[in-house]
Amino acid sequence: MSQNWALSLYNILPGLRKRIAGSSGTAGRSWSEAVIESTIRVLGFSTIGFVLLIFIFLLREGLPMLWEVSPGNLFGTRWYPTFDSFGTLPLILGSAYVTVAAIIIALPLGVATAVFVREAAPGWAREVLKPLIEVLAGIPSVVLGFFGMHVLAPLVRNTLNAPTGLTAFTGAVLLAYMSLPTIISVAEDALDSVPKSYRDAALAMGATRWQTIWRVVVPAAGSGIAMAVMLGMGRAIGETMAVMMVTGNAARMPLSLGSLFMPVRTMTATVAAEMGEVASGSVHYHVLFGIGIILFILTFIINIVAASAIFKKRRKGGLR
Amino acid sequence: MNRYWAQRIGFAVLTLSAIAVVVPILVVIGIILVQGASVVSWEFISCMPHEGMKAGGIFPAIVGTLLLTLGTALAAIPVGVAGTVYLSEYARDTWMTRAIRLAIVNLAGIPSIVYGLFGLGIFVLFLHMGTSILAGVLTLAIMTLPVIISTSEEALRAVPTEFRTVSASLGGTRWQGIRYIVLPQALPGIITGIILGLLRAAGETAPILFTVAAFYLPRLPRSPLDQVMALPYHLYVISTQVPGMPLDVQYGTALVLLILVLSMNIAATVLRSFFRRRRQW
């Protein structure tokens, strides 16, 4: 912050003084202000209400599946809703498989890019990189899915000579890029919060810049980078449109490494593809909401863990 | 191996990773731009679709997306800004405040398709709004809130404490300090947050799948309880659900959506850097 704040304060003060002087009598003012302030308070609390409301409505529509479908069926390996087979296991594994594959691609890329931006990049490269990564975060997932269908999938099919390019791998690549903005920005914050004294000490001991980065700064930011990975996973597991458009949507158990180059079906894609066609109140409808509950709880856990770590750091004064 | 060589190799790897992140972004935008540019004309963006969407324009989808974005703004801005003011100006560090922060982090992390389910459950069915603009707008607004709140809170916190102190020393009440000093000073940051939130709302498909979107509706909506076409959903429909759809129309639609979202993105970035430079404190 520059020394000029006093100057700019001086500039805005006359207006303020006039307003305070011109406002109506104290009694009227305090009354209307009380109304405004309590409105603000209520709206401030509303976010908690929304989270609760979301959970309540998911439970309301999803819980009936527990007594409508037997547990053996619900956690079975066959998802054929038209034949009353509601095995969610292939969908859960499908989501996990694609997410893990995406993170394996995104983690090294994301961390290296964050390190590059924070520690190694010349100024102009930083000026180019940061807005571009923000652009990536803003590209709608349907557009990426569309691109995946028309460009990436044929590429995958031709390079692998596979029968189809709509595979778990194609989805994982798209998801990796979609989670990169999250991973990069959280990892950057983590690198940023490493005290300058660590770097100075390492350099003073005669370490090269690379040794300082690789052996001191990155390990010191380790917990923050772990957070980046978690939040990236949260982003990847909830992604819907792009995944639905490029993974081929075959509900089969992805159990081997070879499944990477076969179609797979995720929880999100299942809900998005099937909810439009089911009658509300049917068993299928309840199970789709049940999948929503699973997604909600998964992302809830990820975010609680990440948030509590961030809050802890903030209280210690580590994060800026 | 010489450690200076290790440094060179290390930095080269970092640079390559950054390139591997950036180049595909440019490739995506470039390909859509090149393939879509030939279709996008005044007719394409201003005409109704006909012949089962294979010919004509995408006007109703554009209008739909603009209406949804506008509606989301109307619903989300008051709540978002009030929430921000509460968190940064009124809230003390109690367990309740921490619960609000947790709630915001969680809202930001909930998958978009879960918002879609929620909107279907509460607005469409429970409150009997049906698949309508209103149901979609409310769903999108709740999804947008965390983005608006977390970005604007940063802007409010950046206003120096002295500003509030001086306002109080002149006899201003807390609300006057907020209304006439803090909010105007933080306005560019708040607007940036709002644009970033709306950008997300404009591009999302999953939350509107079951709450608003009309597959094919070649007319404009008449009331908030009408269904409407929307660009992202339209792109999804014509690229996966309609067999024999000409590829250039698909690319054209993708390009229009991309331009809409990117221009909001650029507006936010420019606004932020402009005011950051002009700010005197």
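Contact here means heavy atoms within 4.5 Å. The model is predicted. Keep both points in mind for the exercises.

**Exercise 1. The interface by numbers**

Task: Find how many residues chain A and chain B each bring to the contact. Then state the area they bury.

Solution:
- Step 1. Count each side. Chain A gives 89 residues and chain B gives 95 residues.
- Step 2. Take the area. The two chains bury about 8400 Å² between them.
- Step 3. Ask which atoms carry that area. Carbon and sulfur atoms account for 79% of it.
- Step 4. Pick out the leading trio of chain A. Ile40(A), Phe146(A) and Trp210(A) supply 8% of the area that chain A buries against chain B, more than any other three residues.

**Exercise 2. Polar and charged links**

Task: Which residues form the salt bridge between the chains? Describe the side of chain A that touches chain B as well.

Solution:
- Step 1. Count the salt bridges. There is one between chain A and chain B.
- Step 2. Name the partners. Glu134(A) pairs with Arg272(B). Their closest N and O atoms are 2.9 Å apart. The cut-off is 4 Å, so this pair qualifies.
- Step 3. Add the polar contacts. Eleven residue pairs across the interface meet the rule, both residues at pLDDT 80 or more.
- Step 4. Locate the main contributor. Helix 2 of chain A (residues 26-62) brings 19 residues, the largest share of the side of chain A that touches chain B.
- Step 5. Sort that side by class. It has 57 nonpolar, 22 polar and ten charged residues.

**Exercise 3. Two positive phi angles**

Task: Asp84(A) has a positive phi, and so has His128(B). Where does each residue lie, and is each one buried or exposed?

Solution:
- Step 1. Read the angles. Phi is near 60° for Asp84(A) and near 55° for His128(B). Neither residue is glycine.
- Step 2. Place Asp84(A). This residue is in the loop between strand 1 (79-80) and strand 2 (85-86) of chain A.
- Step 3. Place His128(B). This residue is in the loop between helix 5 (112-126) and helix 6 (133-158) of chain B.
- Step 4. Apply the cut-off: exposed means over 50%. Asp84(A) has a relative accessible area of 52%, so it is exposed. His128(B) stands at 69%, so it is exposed too.

**Exercise 4. Into the core**

Task: Which members of the largest nonpolar core touch the most other members? Follow Ile54(A) to its neighbours.

Solution:
- Step 1. Note the core's count: 189 residues.
- Step 2. Name the best-connected members. They are Ile54(A), Met275(A), Ile113(B) and Tyr236(B).
- Step 3. Trace Ile54(A), leaving out residues up to four places away in sequence. In chain A, Ile54(A) touches Phe296(A). In chain B, Ile54(A) touches Leu107(B), Ile110(B), Val114(B), Tyr115(B) and Phe118(B).

Terms used: Residues numbered from 1 in each chain as written. Chains lettered and ligands numbered in written order. Predicted model: local features only at pLDDT ≥ 70, side-chain atom pairs only at ≥ 80, totals over all residues. Heavy atoms only, no water. Buried area = accessible area lost by both parts, 1.4 Å probe. Salt bridge = Lys/Arg side-chain N within 4 Å of Asp/Glu carboxyl O. Polar contact = N/O pair within 3.5 Å; in protein donor to acceptor, adjacent residues only side chain to side chain. Helix = DSSP H or I, 4+ residues; strand = E, 2+ residues; numbered from the N terminus. Nonpolar A, V, L, I, M, F, W, Y, C, P; charged D, E, K, R; others polar. Buried < 20%, exposed > 50% of the residue type's maximum accessible area, 1.4 Å probe, protein only. Core = buried A, V, L, I, M, F, W, Y, C linked by side-chain atoms within 4.5 Å.
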